[in-house]
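Please walk me through this structure step by step, explaining each term as it comes up. I am in my first year and would like to see how the pieces are placed against one another.

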Amino acid sequence: MVVYVAASGRSRKVSINAHIACEPEFYDNHRLDKEWSRTIERTWPEVRNALRGRESVPQLLEQLFRFVGAQYIRTATFMNDLSRSPMMQKARRKPISFDFEGRQVTGLCLDMANTTEVMDAVRSFWPRICELLQSDYAWTLYHSSGSQWFLTNDDPCQFDPKTDTITMPLALDLALVGTVTNSAEGPSFHYGDASTDLIAEINRSIVRGCNSWVYAHEETEVLRCFIRENFVKRDILLSGRAFTNDRQPLRDVEVRKLLKTVEELRKKKAGERARNG
């Protein structure tokens, strides 16, 4: 497997085992991560092979959507969103002076959330997400049988809030696309063959939706340029994790240091905008 740094196109080859990697430190050894490793991750190779054979028995689809649901809620993006509630509850209101039309703006200084707290919330969401995926969507699982393959990234289950579409590559030759059903139709699941244009469209959305890394099967200059051209840089003030395994309340001296850093970043961005016209 080749890992690309999306912003620069730099890449390196890494080796992986046959199973989905576990990240106990990222999840602070939470019991839900251990449950995933014993269940959906262990059975995934068999599920994936059955999907390659275009099977569609109910038990298989249930396993598929449990896996997809977990990949959606276990990413840093979803966990950061869930972090906002406990962060806001513990927020400290501080006057923050910004050069904004000569006015002082009052903002909230937020502590990071605790990982266990966030994972508890993730655990409560998982059954609801799995049920929604099976009841509210029309799915097509696309196969690629040519020379083009699907990319994936560090946030693999992509949700487009403008269209309510979900896209998730499942393997080099498999990608799942779901659209919300209307009132006149029920949920469905079909197989399809991916055209060259569709593969390119899915790969563009995967690159645009990544946080930092894109995963591919080969290391080429064409792919490097494709990733650089389609990557959308995230706001630096919103980057990183909003939760931590060892949360400590912010002290006043740390708050002042944080505000100084934020102000420096804002000035840097303002300077970049001025130089770019």
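Helices (H or I, at least four residues) and strands (E, at least two) are DSSP runs, numbered from the N terminus, while axes are lines fitted to C-alpha atoms, for helices over the stretch in contact, with angles running from 0 to 180 degrees between N-to-C directions. This is a predicted model, in which local features need pLDDT of at least 70 and side-chain atom pairs count only at pLDDT 80 or more, whereas totals for chains, interfaces and linings use all residues. Residues are numbered from 1 along each chain as its sequence is written, and side-chain values use heavy atoms, with hydrogens and water left out.

Let us begin with helix 6 (residues 196–208) and helix 7 (residues 221–230), which pack at an angle of about 60° with their axes 8 Å apart. The two helices are therefore oblique to each other, a word for the angles left over when those under 35 degrees count as roughly parallel, over 145 as roughly antiparallel and 65 to 115 as roughly perpendicular. Where they touch (contact means heavy atoms within 4.5 Å), helix 6 contributes A200, N203, R204, V207 and R208, and helix 7 contributes F226, I227 and N230.

Helix 7 also leads us to the sheet, an open one of four strands in the order 2-1-12-7 with antiparallel pairing, where two strands pair if DSSP finds at least two bridges between them. At the edges lie strand 2 (11–13) and strand 7 (152–153), each of which pairs on one side only. Strand 1 (residues 2–5) and strand 12 (residues 213–216) run antiparallel and are joined by four bridges, and V2 stands opposite A216 in strand 12. Helix 7 packs on this sheet, touching strand 1, strand 2 and strand 12, and its direction makes about 40° with that of strand 1.

A second pair of helices lies elsewhere in the sequence: the axes of helix 2 (residues 40–52) and helix 3 come within 10 Å and cross at roughly 125°, which makes helix 2 oblique to helix 3. Among the residues in this contact are W44 and V47 of helix 2 and L64 and F67 of helix 3.

Finally, the structure holds eight salt bridges, each a side-chain nitrogen of Lys or Arg within 4 Å of a carboxyl oxygen of Asp or Glu. In one of them the side chains of R74 and D33 meet at 3.3 Å, N to O. This pair links distant parts of the chain, 41 residues apart, with R74 in the loop between helix 3 (58–73) and helix 4 (76–89) and D33 in helix 1 (residues 31–38).
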